[in-house]
Amino acid sequence: MYILATKAEFSLARVSLAALCSAIEVNCSQPNQPALLEALNPVFNLSAIRPVMDMTTRTNISTFFTMYGILGVDEKTQLLMTYIWLHYWWMNEFVRWDPIQCGTDKISLPRNKFWVPDIVINEFMDENTAPSVPYVYLYSDGRIHDSHPVKVVSSCNLDIYTFPFDIQNCSLTFNSYIHWALDIKIFLGKSVEHITEHSKEVMTTMGEWELLDISSYKHSNGLDDGHYIDDLAFHIRVRRRATLYVVNLLIPSCFLITVDLFSFLLPPQSVDRSSFKMTLILGYTVFLLIMNDLLPITGNTIPLINVFFSICLALMVASLLETILITNLLCGSADFSPVPRWIQVFVLQILGRLVFLPQKTKEPKDSDMKTVVAQQTADEGPPEESGPAVEGKALQELRSLGRDLQAIRLQVEQQLGGSQKSEEWIQVGFIIDRLLFGLYVLFISVSFITIIIIWVNSYSQ
């Protein structure tokens with residue numbers, strides 16, 4: 001129900017309320033809690049309004065919290081789950097009493113008997129399932145202390161590019177839900193250094209996360225009229241404990257890729273090399289499937305470790321395909337066409353020098369074979385020269401023998417050309433094998449150095 005009133009009526013009502021409030025005097029008949037509770041009954045009737053004598057007076061809320069546990073981080077839904085004990089302090093101007101007369105300087109009373117600030121956490125994404133505390137402390141000078149546990153499920157923009165060596169920075173922003181800064185101002189109750197140190201001392205569970213520090217930030221809206229929502233932001237920095245992931249993910253993966261590296265020492269023509277690589281690929285795939293639950297699932301960025309695993313698997317597949325290619329070249333290169341010119345230039349000359357496998361020259365063998373053929377031809381000469389001195393039948397046999405030797409010579413020359421072509425293809429296979437081995441060594445070296453640098457950098461922050 002909304003009641004419309006003139007300005008004069010509103011001013012009169014405010015003066016009447018101030019007079020009523022100022023008329024409340026807490027006088028205890030006896031110095032005990034029942035007498036104090038009976039004297040506070042008029043104050044309880046004012047629990048529906050903000051406890052100030054003048055409506056233009058701001059209620060200053062002093063707040064801080066103690067973090068008791070980091071329950072976890074959900075990378076898929078971008079959530080941080082923490083357990084904190086929240087503290088609020090504010091002044092109730094409607095009540096005062098003499099501690100000596102009433103026998104105590106504070107009393108715990110039900111929360112529903114007082115006005116409490118409507119402060120919320122902006123990043124809150126789920127229901128608070130922490131146990132409720134139904135009481136607040138009321139002090140003799142009018143201060144009220146409200147303290148209760150909160151299970152905070154807050155949204156957080158997670159950056160898991162360097163997983164598992166990532167550091168997350170999440171925020172908890174406290175502000176009133178409907179009250180302007182004219183009515184409620186929020187201040188930091190204790191220093192952030194004290195909050196951080198005390199949280200680290202009392203923290204009971206962190207799981208795979210470690211609390212680094214807590215900082216605060218007060219937003220400045222640049223407005224002096226107070227027509228804005230006042231807020232106070234806390235930044236929580238947590239670091240993931242990487243030991244579990246290093247032992248269960250990185251080290252086994254590095255072992256498997258290193259074993260595949262040493263498989264290049266096996267003879268390329270051996271069938272055991274290809275079967276060994278196929279076994280490694282199968283084992284690495286099963287390893288990734290088993291450890292898939294440890295990897296983060298998110299749509300924002302792709303973690304660097306996922307790229308590392310993908311490249312490892314791609315290199316293993318490439319090495320298997322390269323082994324199949326070399327085996328084919330070793331076994332069937334004699335039936336291939338000659339090596340194209342661009343392959344001779346790019347692979348045999350350029351890449352060959354790059355991997356220290358220069359092209360082998362075939363001139364000595366060709367000259368030797370030509371010498372042998374020439375010697376065989378020279379050996380045919382004497383029978384032909386002595387042909388006219390022998391009978392016609394012997395001459396025909398010698399001529400037939402010469403033709404046979406000529407045919408043998410042609411076959412030898414063809415065999416020499418095919419052998420040279422086959423050796424060029426085999427040399428291409430060896431160069432590709434050496435090049436892939438160098439890529440393996442380069443990738444493993446760069447990966448190890450990168451992992452060590454990221455790991456050290458995460459612990460230096």
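Let's start at the surface of this predicted model, where Trp 342, Val 345, Phe 346 and Ile 350 come together as a nonpolar patch. Together, these four side chains account for about 420 Å² of accessible area. One member to click on is Trp 342, which sits in helix α9, the stretch covering residues 341–354. Is Trp 342 buried or exposed? Its relative accessible area is 58%, and because the cut-off for exposed is over 50%, Trp 342 counts as exposed.

While we have α9 on the screen, please look at Leu 354, which also belongs to that helix. Leu 354 is exposed too, with a relative accessibility of 56%. Now find Ile 431: how far is it from Leu 354, in sequence and in space? Along the chain the two are separated by 77 residues, and their C-alpha atoms are 9.2 Å apart.

Right, on to the pockets. The largest one has a volume of about 350 Å³. Its lining is made up of 19 residues, and those closest to the centre are Leu 86, Ile 119, Asn 128, His 148 and Val 150. If you colour by secondary structure, you'll see three strands that each contribute two or more lining residues: β2 (79–91), β4 (119–121) and β6 (143–155). Which element gives the most? That is β6, with four residues. As for chemistry, the lining of this pocket divides into 14 nonpolar residues, three polar ones and two charged ones.

Let's turn to the second largest pocket, which holds about 220 Å³ of space. Here 17 residues form the lining, and Leu 304, Ile 305, Phe 308, Thr 450 and Ile 451 are the ones closest to the centre. This time the elements to highlight are helices: α8 (304–332) and α11 (392–460) each supply at least two lining residues. The biggest share comes from α11, which provides six. And how many charged residues are there in this lining? There are none: by class, the second largest pocket is lined by 14 nonpolar and three polar residues.

So, to leave you with a few things to look at on your own screens: the nonpolar patch with Trp 342, the largest pocket, where β6 gives the most lining residues, and the second largest pocket, where α11 does. Thanks, everyone, and I'm happy to go back to any of these views.

Terms used: Residues numbered from 1 in each chain as written. Predicted model: local features only at pLDDT ≥ 70, side-chain atom pairs only at ≥ 80, totals over all residues. Heavy atoms only, no water. Patch = residues over 30% accessible without salt bridge, like charges linked within 9 Å, V, L, I, M, F, W, Y side chains within 5 Å. Areas by Shrake-Rupley, 256 points an atom, 1.4 Å probe, with all protein chains shown as cover. Buried < 20%, exposed > 50% of the residue type's maximum accessible area, 1.4 Å probe, protein only. 1 Å grid on protein atoms, 1.4 Å probe; cavity = no way out; pocket = protein on both sides within 12 Å on 5 of 7 lines; lining within 4 Å. Points joined across faces, edges and corners; volume = space filled by probe spheres on them. Nonpolar A, V, L, I, M, F, W, Y, C, P; charged D, E, K, R; others polar.
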